[in-house]
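Work through the exercises below with the structure on screen. Try each task before you read its solution.

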Amino acid sequence: MHAPLWVAVPVIVLVALATRADVQSRRIPNLLTGPALLLGVLVHLGLGGLPGAGNALLGAVVAGAILFPGWLMKFTGAGDVKLMAAVGAWLGHPDGFVAAVAALIAGGILAVVVAARRGILVQALRNSASLVLSVLPWGRWGLSAPAPKTAGVRFPFAPAVLAGAIFALLSRG
C-alpha cells in the first residue's frame, strides 16, 4: 500500500527543515521529529482508519529500525533515526523502507565524497571493510569486543534522508 502522492509536500518540508537544522547545528530537533511522526500517524488514521495508521506505524518502525544499528555503533545520531522514522510514518510501508535504504546509499556516497575531500578516503575504505568483515558470522566482533575504528568522517545525515525520501517518492509503482 502506497501513501497518497500529496504526502510529498509534508515529507519534503519536514526533511528540508531537518536538513537546514542539521547542516547549521549538527542536530535535528525533537520538536521537529516527534510531532512530525505523531502527525503522520494521525493523518493516516484520519484518512485510512486503523489500517492507515497501522501502515504509518509500520513505515515508521521499519524506516527507523534500518538506521538504528548505525546509532548503536555511533555512526549516526539519534535525530537521524527519529527523522527517518517520521519520514516512514508519512510514507508508510513499503515506501518508508525504500526511503531508508536509499538514504543509506546516499549517506554512503556522501561519506565517500567527504572522506575524499578530507584526504582520508583510503583509510575510510579500509576501516569500512574491516567493520563489514567484523560483523559477519566468522568475524571477530562479539558482545564484549569493541566496535572497529572508523575514519571519523562526520557529516550531517539529513541531506541523505532528503535524497532517500525524494527517491522513494519518485520511484513509487
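**Exercise 1: The nonpolar cores**

Task: Which residues have the most contacts inside the largest nonpolar core, and which elements contribute to this core?

Solution: In this predicted model, the largest nonpolar core has 31 residues. Those with the most contacts inside it are Val 11, Leu 14, Leu 83, Met 84, Val 87, Leu 91 and Val 161. Next, look at the elements: H1, helix H2 (30-72), helix H3 (78-91), helix H4 (95-117) and helix H6 (158-170) each give two or more residues to this core. H3 gives the most, with seven residues. There is also a second, separate core of six residues, which includes Val 41, Ala 60, Ala 85 and Ala 89.

**Exercise 2: Helix H6**

Task: How does the expected span of H6 compare with the distance between its end C-alpha atoms?

Solution: Begin with the 13 residues of H6. The expected span is 1.5 Å times one less than the number of residues, so H6 should span 18 Å. The end C-alpha atoms of H6 are 18 Å apart, which agrees. Now turn to its buried residues, among them Ala 158, Val 161 and Ala 165. The buried residues of H6 pack against H1, H3 and H4.

**Exercise 3: Thr 19**

Task: Is Thr 19 buried or exposed, and which residues does Thr 19 touch beyond four places away in sequence?

Solution: Locate Thr 19 in helix H1 (residues 8-25). Its relative accessible area is 12%. Buried means under 20%, so Thr 19 is buried. Beyond four places away in sequence, Thr 19 touches Ala 158, Pro 159 and Leu 162. The side chain of Thr 19 also reaches the backbone oxygen of Ala 158 at 3.4 Å.

Key. Residues numbered from 1 in each chain as written. Predicted model: local features only at pLDDT ≥ 70, side-chain atom pairs only at ≥ 80, totals over all residues. Heavy atoms only, no water. Helix = DSSP H or I, 4+ residues; strand = E, 2+ residues; numbered from the N terminus. Buried < 20%, exposed > 50% of the residue type's maximum accessible area, 1.4 Å probe, protein only. Polar contact = N/O pair within 3.5 Å; in protein donor to acceptor, adjacent residues only side chain to side chain. Contact = heavy atoms within 4.5 Å. Core = buried A, V, L, I, M, F, W, Y, C linked by side-chain atoms within 4.5 Å.
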